[in-house]
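Open the structure in your viewer and keep the sequence beside it. The tour below goes from one selection to the next and says what is there.

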Amino acid sequence: MDLKNLSGAASGLGDKVSGMGGQDSGAMPGKLFPSTGRQTSKEEYAKMQECAEMLEKYVPCFPMAPGVVELDARDMARWKNDFFKTLVHGGPELQDDQFYTGKQDVESDLGIGTDGAFTCEELFHFLYRLFKAMAACKVQTGGAAALMQNAELFGCAEMLEKYVGHFPKNKGNVKLNAEDSSAWKERFFPNLVEGGPKLPDYAFFKPSDRNYGIGLDCTFSAKELFQFLYRLYKEIWNKLR
């Protein structure tokens, strides 16, 4: 669904995701994975993986595609008949259309939504929610050593999560505050983007300009924030699985 005519509804809704197998939620690091009182089943976790694999096929469509991309016929059927019902409006209730409408119990064509069509922002928003949910399942069983080894990733995610709430109401760019700008430029950008795992940030949008993405100007649109959060949580998930 094209968002250009959307008035926007800031959403305080949260995904109902916790770890698998009844693990103690006290093992969760910081504020990233708060306990919801609901355990994710192995079947739901497997379905999340299937959904992620399906949707990641569309990542190369962007940023070249200027507008809306649609799922192909087979993927459309899987989305509408399975994932949208069991992961979005059911099960863990991962934020998709609800993020844009602000309503948990109303199905909409916003996000990937009921029409299976999406902008760059909408795709990356749902991939971010999806990989965060999968990471949450693995964090509880990762052990203290694994969590400490990935402290840089967790620290960056915790910092950037503060800015998710600016969207979708804000239709323009948001800038990191002074403290976060310093942390990004001095720590996270050199250690996670330019070095370390080399997570795609500006390079995904325009490799020749380091102000794209969150970039060195520390200013970003919704699609730039969600693109990086998706890469960040995918890296956390890969490190812990």
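A salt bridge is a side-chain nitrogen of Lys or Arg within 4 Å of a carboxyl oxygen of Asp or Glu. One such pair to select is aspartate 82 and lysine 47, whose side chains meet with 3.0 Å from N to O. Aspartate 82 belongs to helix H2 (residues 73-88) and lysine 47 to helix H1 (residues 42-55), so this pair ties together parts that lie 35 residues apart in sequence. Lysine 47 has a relative accessible area of 22% and is therefore partly exposed. The model is predicted, and by the same rule it holds 10 salt bridges in total.

**The whole chain**

Zoom out and show the protein chain as a cartoon. Its secondary structure consists of nine helices and four strands. Read from the N terminus, the order of elements is α-β-α-α-β-α-α-α-β-α-α-β-α. The chain has 241 residues, and 52% of them count as buried. Take the contacts between residues at least 6 apart in sequence: 68% of these join residues at least 24 apart.

Now colour by pLDDT. The mean for the protein chain is 89, and 88% of the residues reach 70 or more. Select residues 2-13, where pLDDT stays under 50; the model gives this stretch 31 contacts beyond four places in sequence. Residues 20-28 also have pLDDT below 50, with 26 contacts beyond near neighbours in sequence. Where pLDDT is low, the predicted coordinates should not be read in detail.

**Before the first helix**

Select proline 34, in the segment before H1. Is proline 34 buried or exposed, or does it fall in between? Its relative accessibility is 48%, so proline 34 counts as partly exposed. Add alanine 136 to the selection: the two residues are 102 apart in sequence, while their C-alpha atoms are 9.2 Å apart in space.

**H1 against H2**

Go back to H1 and H2 and show both helices. They pack at an angle of about 145°, and their axes are 11 Å apart. The crossing of H1 and H2 is left-handed. On the H1 side, the contact is made by Glu44, Lys47, Met48, Glu50, Cys51, Met54 and Leu55. On the H2 side, the residues are Asp75, Arg78, Trp79, Asp82, Phe83, Thr86 and Leu87. Both members of the opening salt bridge, Lys47 and Asp82, are in this contact.

Two of the other contact residues lead to further salt bridges. Start with glutamate 44, whose side chain meets that of arginine 38 at 2.5 Å, N to O. Glutamate 44 counts as buried because its relative accessibility is 14%, whereas arginine 38 is partly exposed because its relative accessible area is 23%.

Next, select aspartate 75 together with lysine 57: their side chains form a salt bridge with 2.9 Å from N to O. Lysine 57 sits in the loop between H1 and E1 and aspartate 75 in helix H2, so that distant parts of the chain, 18 residues apart, are linked. Which of the three exposure classes does aspartate 75 belong to? It is buried, because its relative accessibility is 2%. Lysine 57, at 49% relative accessibility, counts as partly exposed.

**Strand E1**

Select valine 69, which is in strand E1 (residues 69-70). At 12% relative accessibility, valine 69 counts as buried. What does valine 69 touch, leaving aside its neighbours within four places in sequence? Its contacts are Tyr58, Cys61, Phe62, Gly116, Ala117 and Phe118. From tyrosine 58, valine 69 is 11 residues away along the chain, and their C-alpha atoms are separated by 8.2 Å.

**Two cysteines**

One of the contacts of valine 69 is Cys61. Cysteine 61 has a relative accessibility of 28% and so counts as partly exposed. Cysteine 218, by contrast, is buried, with a relative accessible area of 1%. How many disulfides does the structure hold? The count is zero.

**H6 against H7**

For the last stop, show helix H6 (residues 151-161) and helix H7 (residues 178-193). They pack at an angle of about 140°, with 11 Å between their axes. H6 passes H7 in a left-handed crossing. Select Ala151, Glu152, Leu153, Gly155, Cys156 and Met159 in H6. They meet Asp180, Ala183, Trp184, Arg187, Phe188, Asn191 and Leu192 in H7.

Key
Residues are numbered from 1 along each chain as its sequence is written. This is a predicted model: local features need pLDDT of at least 70, side-chain atom pairs count only at pLDDT 80 or more; totals for chains, interfaces and linings use all residues. Side-chain values use heavy atoms; hydrogens and water are left out. Helices (H or I, at least four residues) and strands (E, at least two) are DSSP runs, numbered from the N terminus. Buried means under 20% relative accessible area, exposed over 50%, partly exposed in between (1.4 Å probe, protein chains only). Contact means heavy atoms within 4.5 Å. A disulfide is a pair of cysteine sulfur atoms within 2.5 Å. pLDDT is the predictor's confidence in each residue, from 0 to 100. Axes are lines fitted to C-alpha atoms, for helices over the stretch in contact, and angles run from 0 to 180 degrees between N-to-C directions. A crossing is left-handed if the near helix is turned anticlockwise from the far one by less than a right angle, and right-handed if clockwise.
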